[in-house]
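Welcome! Open your viewer, get your selection tool ready, and let us walk through this model one stop at a time.

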Amino acid sequence: MPAIDTTVVQMSGGSNPDVDTDGTGAGKYLLFLVMLVNIWAFSIPVEFRRARFCTEEEVRLNPDSHCITFDNWKSGIIDYYANGGGVQFDFTVEEGNKWMILL
């Protein structure tokens, strides 16, 4: 019988602690970034947080919707912080939201 060559791939770092096979090393930085963005998102005014990004044409066609172009959203955020801004956490739920559970 001919000899069979086999290769074993080891997923753990074995004796090498620098190998991050489960992603927890890089994942903690991603988790920190996502948490920072979420905290910031709840500290900006409600009209910016609830806005939906649309094209300029969609904004013209539906002026009553929460539709805004990204450029207008960005300039509104910049103006908010340029005029004093501040951090004011707001966890209110919009009335008529289909995901709101009434008890």
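This tour starts with the whole chain and then visits a few residues in turn.

**Stop 1: the whole chain**

Before you select anything, keep in mind that this is a predicted model. Now colour the chain by secondary structure. You should find four helices and two strands. Follow the chain along its sequence and the order of these elements reads α-α-β-α-β-α.

Next, switch on the surface. The chain exposes about 9100 Å², and 61% of that is supplied by carbon and sulfur atoms. How many of the 103 residues, as a percentage, count as buried? The figure is 16%. As for contacts in the chain with a separation of 6 or more, 50% of them are between residues 24 or more positions apart.

**Stop 2: the disulfide**

Select cysteine 54 and cysteine 67 and show their side chains. A disulfide joins these two residues, with an S to S distance of 1.7 Å. Cysteine 54 sits in the loop between strand E1 (52-53) and helix H3 (56-61), while cysteine 67 belongs to strand E2, so the bond ties together parts that are 13 residues apart in sequence. A search of the whole structure finds one disulfide, so you can linger here.

Are these cysteines buried or exposed? Cysteine 54 is buried, because its relative accessible area is 11%, under the 20% cut-off. Cysteine 67 is buried as well, at 10% relative accessibility.

**Stop 3: threonine 69**

Now move to threonine 69, in the loop between strand E2 (67-68) and helix H4. Threonine 69 has 10% relative accessibility and counts as buried. Which residues does threonine 69 touch, leaving aside its neighbours within four places in sequence? Select Phe53, Cys54, Thr55, Glu56 and Val59 to see these contacts. Cys54 in that list is the cysteine you met in the disulfide.

**Stop 4: serine 65**

Select serine 65, which is found in the loop between H3 and E2. Serine 65 is partly exposed, with a relative accessible area of 28%. Then add alanine 51 to your selection. Serine 65 and alanine 51 are 14 residues apart in sequence, and their C-alpha atoms are 8.7 Å apart in space.

**Stop 5: aromatic rings**

Time for some rings. A pair of aromatic rings is described by the distance of the centres and the angle of the planes. A search of the whole structure finds five aromatic pairs. Select tyrosine 80 and tyrosine 81 to view one of them: the ring centres are 5.1 Å apart and the planes meet at 70°, so the pair is edge-to-face. Tyrosine 80 is buried, with a relative accessible area of 18%, whereas tyrosine 81 is partly exposed, at 34%.

Now select Trp40, Phe53, Phe70 and Trp73, which form one aromatic cluster. Phe53 also appeared at Stop 3, among the contacts of threonine 69.

**Stop 6: tryptophan 40**

Stay with one member of that cluster, tryptophan 40, in helix H1 (residues 24-41). Tryptophan 40 is partly exposed, with a relative accessible area of 32%. Leaving aside neighbours within four places in sequence, tryptophan 40 is in contact with Trp73, Ile77 and Tyr81. Add phenylalanine 89 to the selection too. Tryptophan 40 and phenylalanine 89 are 49 residues apart in sequence and 8.9 Å apart in space, C-alpha to C-alpha.

**Stop 7: a nonpolar patch**

For the last stop, return to the surface and select Ile39, Phe42, Val87, Phe89 and Phe91. These residues form a nonpolar patch on the surface, with about 530 Å² of accessible area together. Pick out phenylalanine 91, in the segment after helix H4 (70-82). Phenylalanine 91 is exposed, because its relative accessible area of 59% is over the 50% cut-off.

Notes: Residues numbered from 1 in each chain as written. Predicted model: local features only at pLDDT ≥ 70, side-chain atom pairs only at ≥ 80, totals over all residues. Heavy atoms only, no water. Patch = residues over 30% accessible without salt bridge, like charges linked within 9 Å, V, L, I, M, F, W, Y side chains within 5 Å. Areas by Shrake-Rupley, 256 points an atom, 1.4 Å probe, with all protein chains shown as cover. Salt bridge = Lys/Arg side-chain N within 4 Å of Asp/Glu carboxyl O. Buried < 20%, exposed > 50% of the residue type's maximum accessible area, 1.4 Å probe, protein only. Contact = heavy atoms within 4.5 Å. Disulfide = S-S within 2.5 Å. Phe/Tyr/Trp six-rings, centres within 6.5 Å; stacked < 30°, edge-to-face > 60°.
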